[in-house]
Amino acid sequence: MEAEASPFESSELVASLLASTPLLSDSWRLCSLANAAAPSGFVSERIGDVGYFAFSACSIQTITNDSEYYSTCRNLVPLDSAGAGDGDLPFSVLTKSGNSGMNGKEDEGAVMVHAGLLHLFLSLRSSQAFQDQMLALTNGSKPIVITGHSIGGTTASLCALWLLCYLQSISSTLPVLCITFGSPLLGNESLSRAILRERWGDNFCHVVSKYDIMPRLLFAPLESCTRQLHLLLQYWQMSMLASSPSNFGQLPVLQLGEEERAQLFSFVSHYNLLVSSVAQAEAREEKANSLYWPFGNYLFCSQEGAICVENAASVIKMMHLMFATADPSYCIDDHLNYGQYVGMISSQFLKKKSVFQGEVIPESSYEAGVALALQSSGISQQEPAAGPTVDCLKMARGMRHLRTPSLNCANLAISLSKVTPYRAQIEWYMVSCDKSDEQLGYYDSFKRRGSSKKDHKINMNRLLLSGFWNDVLRMLENNELPHDFNKRGKWVNGSQFYKLLVEPLDIAEYYRSGMHRIKGHYLKHGRERRFETFDRWWREKEVGPEENSVRSKFAGLTQDSCFWARVEEARECLANVRSVTDVRKLPLLWESLNSFEMYATRLVDRKEVSKDVLAKNSSYSLWVEELRELKSQMQQNPSFGPEV
């Protein structure tokens with residue numbers, strides 16, 4: 001039989017890593033310690049080279065008062081609202097793309113998270129104990145594992161996101177892994193997309209047992225069952241505290257009545273069915289309207305094994321299908337049984353028992369993977385849910401995922417060769433602008449273009465190239481390309497060349513169409529996110545000695561792709577100096593002018609601009625001449641402005 005790549009390979013690797021190493025068992029042990037030490041909210045420990053930071057599941061009282069929390073327990077707030085002011089933006093990496101999306105449209109919405117849990121994490125983060133322990137772990141550990149059970153798991157997710165944002169801001173490569181057990185969902189689909197955009201999905205593994213109601217709770221409008229929810233959370237917390245060795249036999253265990261269990265189970269099960277149906281339908285349109293949305297890998301556990309799923313719509317569907325076979329008693333107590341599941345996962349991995357004993361072995365590795373995943377989910381082939389579960393497992397990869405990331409990358413290289421002629425035509429256009437008698441240069445020629453076929457063709461090429469690179473980023477965000485794609489020289493160099501060649505045209509179109517009068521200047525209000533992404537790829541690239549050498553001639557392309565946007569701002573600033581009536585504004589205007597003049601002069605002196613920048617009638621050359629004239633007028637009439 002011909003070898004066939006299994007589409008479950010990446011998920012199986014995640015599950016195998018956790019099951020074959022102490023990561024899962026050590027994380028659960030730390031979660032149990034954190035639950036027993038509830039008042040402090042967290043514990044930390046270093047085991048070998050691995051630093052562990054675990055959050056307590058019993059910290060809900062620190063969120064807010066009970067009545068307020070239970071009446072607004074599904075409320076979402078913007079993640080960029082977090083911070084203590086004075087420039088404290090702990091999640092700025094995830095919330096910075098507030099301009100337009102990859103398709104030139106506005107973003108689908110702000111990145112939103114659970115209000116109460118965000119407040120809980122920020123209060124813990126501000127404590128001196130948290131800062132001291134986190135600093136000690138990050139300084140002395142190679143990888144960091146952040147973990148938590150129940151509400152502590154969602155707090156751990158927020159902590160991991162904060163740490164990943166911080167480490168990226170200081171260009172640190174310290175590995176971070178977040179492992180949660182039975183945690184509720186954290187935020188909306190925009191949060192999930194932001195995490196995919198940063199390639200952080202594989203940093204999260206959420207362990208969810210087959211019947212646990214907690215991870216499914218936030219799919220339901222809980223405002224209508226606050227009494228039962230209040231009793232449920234109290235029951236869980238008292239059970240956790242009572243089961244710890246230090247409190248064993250000393251604390252009463254609150255009993256949750258059968259009526260409350262049945263009401264909660266029926267209510268949550270109904271809304272899980274609705275949400276899973278919507279998610280499955282909307283997955284085909286690549287959009288979703290659910291209030292809460294999963295992210296990262298989900299390790300679903302049963303008595304038969306575990307299965308790892310990463311596709312968000314499939315995660316929601318699996319939550320419903322596995323939960324549908326539960327009963328009210330199981331769905332409550334299963335939240336407290338993660339210690340047993342962790343032990344079984346490791347034990348079953350070591351035994352490596354055959355799953356096809358007495359059965360016909362599927363000839364296709366794809367079908368074998370589906371059969372293995374179905375058994376690991378704990379759903380029998382004879383159960384009514386077996387058929388929908390198989391469909392869900394196949395949907396988890398989707399038709400586009402039947403191709404491996406490496407094959408997608410190879411096909412993308414073919415697509416790149418097909419759009420290369422568009423780039424070549426733009427390069428030819430640039431050369432023709434340099435030779436033109438008008439001496440406008442590349443940027444100004446496109447900005448002032450007419451309605452000729454040549455001008456129309458170049459503008460179409462600009463849009464086609466933008467579409468290609470938007471598709472590249474979409475595939476990358478959807479995990480359809482290799483994990484190290486954004487570090488491969490072919491694509492880093494290709495994206496950089498595209499940016500330097502085409503972004504000046506985007507800037508020209510922005511100011512030509514007057515968008516700066518509607519939205520504001522390009523740098524703050526008009527720059528597409530793809531260019532910011534390509535900036536980051538280039539910054540992270542290892543620079544060779546030849547790239548730091550002194551230039552002997554002008555660059556083929558200006559090395560600051562936003563140079564012309566800065567010129568446009570400088571032109572407006574110069575006009576404001578001439579027209580300003582409030583002399584108190586002059587010092588700030590002149591500071592901006594002098595700053596840009598120094599910056600541009602340095603680029604020219606180092607020959608980091610293309611020769612079109614110095615064309616006789618380019619916007620930059622005209623600005624330099626106007627500035628020279630203005631300074632001459634000031635020398636003749638000192639009262640005109642401050643001395644320069």
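A residue counts as buried when its relative accessible area is under 20%. In this predicted model, P90 has a relative accessible area of 7%, so P90 is buried. P90 sits in the loop that runs between β3 (76-78) and α4 (92-95). Apart from neighbours within four places in sequence, P90 is in contact with A82, G83, R125, W162 and C165. Its C-alpha atom is separated by 9.2 Å from that of L79, a residue eleven places away along the chain.

One of the contacts of P90, W162, also belongs to an aromatic cluster. The members of that cluster are F42, F53, F55, F91, F121, F130, W162 and Y166. Across the model, the count of aromatic pairs comes to 36.

The overall picture can be set out next. The protein chain has 644 residues, of which 51% count as buried. It contains 25 helices and nine strands. Among contacts between residues at least 6 apart in sequence, 77% join residues at least 24 apart. The chain exposes about 29700 Å², and carbon and sulfur atoms supply 53% of that area.

Strand β6 shows how burial and strand pairing go together in one element. It covers residues 176-181, and six of the six are buried, so the strand is largely enclosed by the rest of the structure. In a regular strand the side chains alternate between the two faces of the sheet. In β6, V176, C178 and T180 lie on one side, while L177, I179 and F181 lie on the other, and all of these are buried, which leaves both faces covered.

Strand β6 has a partner in β5 (residues 144-149): the two run parallel and are joined by six bridges. Within this pairing, I144 stands opposite V176 of β6. Between the two strands the chain passes through helix α7 (residues 151-169), and this β-α-β crossover is right-handed. The loop between α7 and β6 holds S171. With a relative accessibility of 66%, S171 counts as exposed, because the threshold for that class is over 50%. The phi of S171 is near 60°, a positive value in a residue other than glycine.

Strand β6 also pairs with β7 (residues 204-209); four bridges join them, and they run parallel. Here I179 stands opposite C205 in β7. The chain crosses from β6 to β7 through helix α8 (residues 189-197), and this β-α-β crossover is right-handed.

The last residue of the β6 range, F181, takes part in an aromatic contact as well. Among the 36 aromatic pairs is the one formed by F181 and Y338, with 6.2 Å centre to centre and 65° between the planes, which makes it edge-to-face. The pair links distant parts of the chain, since F181 is in strand β6 and Y338 is in helix α13 (residues 338-351), 157 residues apart. Both F181 and Y338 are buried.

Another group of contacts involves helix α18 (residues 453-477), where N459 is found. N459 has 15% relative accessibility and therefore counts as buried. Leaving out residues up to four places away in sequence, N459 touches F446, R449 and E509. Two of these residues also interact with each other: R449 lies over the face of F446, at 4.1 Å from the ring centre. A second charge placed over a ring is that of K490, which lies over the face of W491 at 5.9 Å from the ring centre.

Further along the chain, helix α20 (residues 515-518) includes H516. H516 counts as buried because its relative accessibility is 18%, a value that falls under the 20% cut-off. Residues up to four places away in sequence aside, H516 touches Y510, Y511 and H521.

The final stop is K607, in the loop between α24 (586-605) and α25 (619-636). K607 is not a glycine, yet it has a positive phi of about 55°. With a relative accessible area of 26%, K607 is partly exposed. S171, the other residue described here with a positive phi, counts as exposed at 66% relative accessibility.

Note on methods: Residues are numbered from 1 along each chain as its sequence is written. This is a predicted model: local features need pLDDT of at least 70, side-chain atom pairs count only at pLDDT 80 or more; totals for chains, interfaces and linings use all residues. Side-chain values use heavy atoms; hydrogens and water are left out. Buried means under 20% relative accessible area, exposed over 50%, partly exposed in between (1.4 Å probe, protein chains only). Contact means heavy atoms within 4.5 Å. Accessible areas come from the Shrake-Rupley method with a 1.4 Å probe; for residues, only the protein chains shown count as cover. Two strands pair if DSSP finds at least two bridges between them. A crossover is right-handed if, with the strands pointing away from the viewer, the path from the first strand over the helix to the second runs clockwise. Rings of Phe, Tyr and Trp (its six-membered ring) pair if their centres lie within 6.5 Å; planes under 30 degrees apart count as stacked, over 60 as edge-to-face and the rest as tilted. A charge sits over a ring if NZ of Lys or CZ of Arg is within 6 Å of the ring centre and within 35 degrees of the ring normal.
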